[in-house]
Amino acid sequence: MIRVRFVTAALVFGFVTCPFAGLSAQGVGAQGNPDPPPRFATEVVVTPERGETPRHLVPAATAVLDRPALESLPVIQLSEALSFLPGVYITDEHPFSARPLVTARGFFGGGEAEYVLVLVDGVPIADPESGLIDWSRVDVTSIRRIEESRGPGGSLYGDSAIGGVIQVFTDGSPPGARLTASAGTLGTFTGDASYARRWSRGTVTAMGAGSRSDGPSAHSSLWRLLGGTSLDGTIGSNAWRFSLSGTGRQHDDPGPRTDAQLAGDRFGSDPLFALDGAERRDLAVAFTLGATGGRWQHRGRLHGGLRGEDQIRTILLAPGFGDRQARDLSTSDVGGTFETASAAELWSRPAIFRSGLDVVRERVDTEYRHVDDEGMPLQSQPEGEASGHRWGTGAFASGAWDITRRLRLSGGVRWDYIADSFLDGSDATEAHQAWSPRAGLTLQLDRGVTLFGQASKAFKAPTPEQLFDPRPYPDFAGGTFTISNRTLEPQRATNLEAGAWGGSQVRWSALAYWMDVDNEIDFDIATFSYANIGRSKHRGLELEAARTSGSIRPSASYALMRVTDPGGSTQLKNVPRHVLTAAVAIAFGWGVESHLRYRRTWGAFLDDGNEYPIDGASTLDLRVRRRFGRAAVFFDALNLADDEYQRYGFTLADFGGNIVAYSYPGAPRAVRVGVISSF
């Protein structure tokens, strides 16, 4: 294993350093004539600058997965696809998992909050009360493209973009039908289908998806259903799109395990969590209208959503002692966006300016009741009840100016105002505002190399759940208390990063970042509530390289995430310090292709004191695909070597003061076969 780690690391650094051999900056040649302008691939990305921008002009790390790439990877759902984005580590990404969780730039929400903003066609899909993502809301067959922008995106997107922004594009599907179906071990079945038809003025698309699984552990089954439709068309020089989708999902939760429980039955379930699980229903609608020509480009978007969820969740208060309650949750959101962009000249050099306004109103209604061993409420009236709503307004302005044909300056600023009202008898209102500026430079060298750097600020507001969740916990003195905290302040981050990328046959990138976070929000064991616990330091390095052509295409990436308190002595809990990935895609001929990925994580701990290390993942995932015209069959093997690892966890003190470690086991080996077809 050590040999594999060092060989793969050498592969990463070899890929990254080779393109620098003989590198020289653009300038005056040996004969006194200016060098020709650098040449780059004209790939365009939308997400990093909130508008179409050549990728080599973006002063940040970006990544793209298009539809052909998705079909070649061992993925059948969105969370699996995102695990192939560099700089992002996702636990439990597979279709038999109920709760995939994201770690990026050292931010880990632990299933209680999210630090990466996820958009689908420009619309945020996070849950209003927590910011968590329901990955089942997007079916793979409708995905045209996935874009990633790593690092703080607060200057354009505001709250929750502190770790990065990921956008999924489903619009622009070609006419015809697409189908993906698979079956595999752990009782897992999936199916995704979409159909698009064009007429003289637009396109109509319908899609549906469903899946079920027995899960890797006892009491971990799940199912989901998804359906939707969209209409695209034009009105004069304007393009419009309407979409409507609905989702239903149910899952059981086996709960965490102690080391002793894992040793006895790794994939069992603690009886304390025998009733834990959730059933939810979602409805989402969006309408977009934008100009398709002219000097000024305008776009407006309206979106809304409804959700209902019934949940039973047990919280461990001490080892072997849990508090089980049922929760009735309903949320709603309605929002709008207006954006405009214009190309111009500034001192005879090209420039572009963008501005926009985002407005959203979210409402959360929640009730809690204790339940018996059959899951029936013990009281007719709620023991904890609250309603609240959040108003969010954000205005941004950004621009980019080509100072010379090789040097571009870009920057922007955003102002956000967030007001929370809690309607539980106190009628309390909390309001916060934040400025998020950004400035960046890109310098194009010869041989297709770009140097980039940027400085930015971003913020993460406390979630409504962290602020006013009314769940009552027993205080062992005849009363109750809550762990929410209405005095929480937003986290604020200051980020500096610099890097380089380039290459044609071998595309590579390397960057380093320095980020300081004030008012870090975490659970404070001293007060048994959420609190602004102080400051944290995020220091990191991200390297990646991939061969883009040929029958054998190796790739590798490495992320260092050093996340500590101001003293820098220990790693914050559950964040892996190192994430290493090595992969190879091989085209054998006769329509046969394979993709093999090795991923290893290490340097994570269950506690902030770093006394309880996490046994990180060391997994192999494989896809073998055979194409037959417009159809293909595939075989996937996940965790091929059946590595036994821990995903994340926590520690608790028992009534005698002894520390007990809890963790969630990684999934065992699983295989599946399936078909992808277009017609």
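The following exchange between a student and a tutor works through cavities, strand pairing and salt bridges in a predicted model.

Student: Which conventions apply to this model?
Tutor: Residues are numbered from 1 along each chain as its sequence is written, and side-chain values use heavy atoms, with hydrogens and water left out. Because the model is predicted, local features need pLDDT of at least 70 and side-chain atom pairs count only at pLDDT 80 or more, whereas totals for chains, interfaces and linings use all residues.

Student: What is the volume of the largest cavity?
Tutor: A cavity is a set of points, on a 1 Å grid over the protein atoms alone, where a 1.4 Å probe fits but cannot get out, and lining residues have an atom within 4 Å of a point. Grid points are joined across faces, edges and corners, and a volume is the space filled by probe spheres set on the points. The structure holds twelve cavities of 30 Å³ or more, and the largest cavity has a volume of about 290 Å³.

Student: Which residues lie nearest the centre of the largest cavity?
Tutor: Strands, taken as DSSP runs of E with at least two residues and numbered from the N terminus, contribute to this lining, since S15 (238-252), S35 (646-653) and S36 (659-665) each supply at least two residues. The lining of the largest cavity comprises 23 residues, and those nearest its centre are Asp92, Ala98, Ser220, Pro254 and Arg647.

Student: Which strands stand at the edges of the open sheet S3-S9-S10-S7-S8?
Tutor: Two strands pair if DSSP finds at least two bridges between them, and five strands form this open sheet with mixed pairing. Each edge strand has a single partner strand, so one side of each is left without a neighbour in the sheet, and these edges are S3 (62-66) and S8 (123-124).

Student: Which residue in S10 stands opposite Glu148?
Tutor: Strand S9 (residues 145-150) and strand S10 (residues 164-169) run antiparallel and are joined by six bridges. Opposite Glu148 in S10 stands Ile166.

Student: How many residues does the hairpin between S21 and S22 pass through?
Tutor: Strand S21 (residues 384-402) runs antiparallel to strand S20 (residues 349-370), with 18 bridges between them. S21 also pairs in the antiparallel sense with strand S22 (residues 407-422) over 15 bridges, and in this pair Asp402 stands opposite Arg408. The hairpin that joins S21 to S22 passes through four residues.

Student: Is Ser200 buried or exposed?
Tutor: The residue Ser200 is in the loop between strand S12 (188-199) and strand S13 (202-213). Buried means under 20% relative accessible area, exposed over 50% and partly exposed in between, with a 1.4 Å probe and protein chains only. With a relative accessible area of 75%, Ser200 is exposed.

Student: How many residues apart in sequence are the parts tied together by Arg672 and Glu80?
Tutor: A salt bridge is a side-chain nitrogen of Lys or Arg within 4 Å of a carboxyl oxygen of Asp or Glu, and the side chains of Arg672 and Glu80 meet in one at 3.1 Å, N to O. Arg672 lies in strand S37 (residues 670-678) and Glu80 in helix H3 (residues 78-82), a helix being a DSSP run of H or I with at least four residues. Arg672 is buried at 6% relative accessible area, Glu80 is buried at 1%, and the parts that the pair ties together are apart in sequence by 592 residues.

Technical notes:
On a 1 Å grid over the protein atoms alone, a cavity is a set of points where a 1.4 Å probe fits but cannot get out, and a pocket is an open set with protein on both sides within 12 Å along at least five of seven lines; lining residues have an atom within 4 Å of a point.
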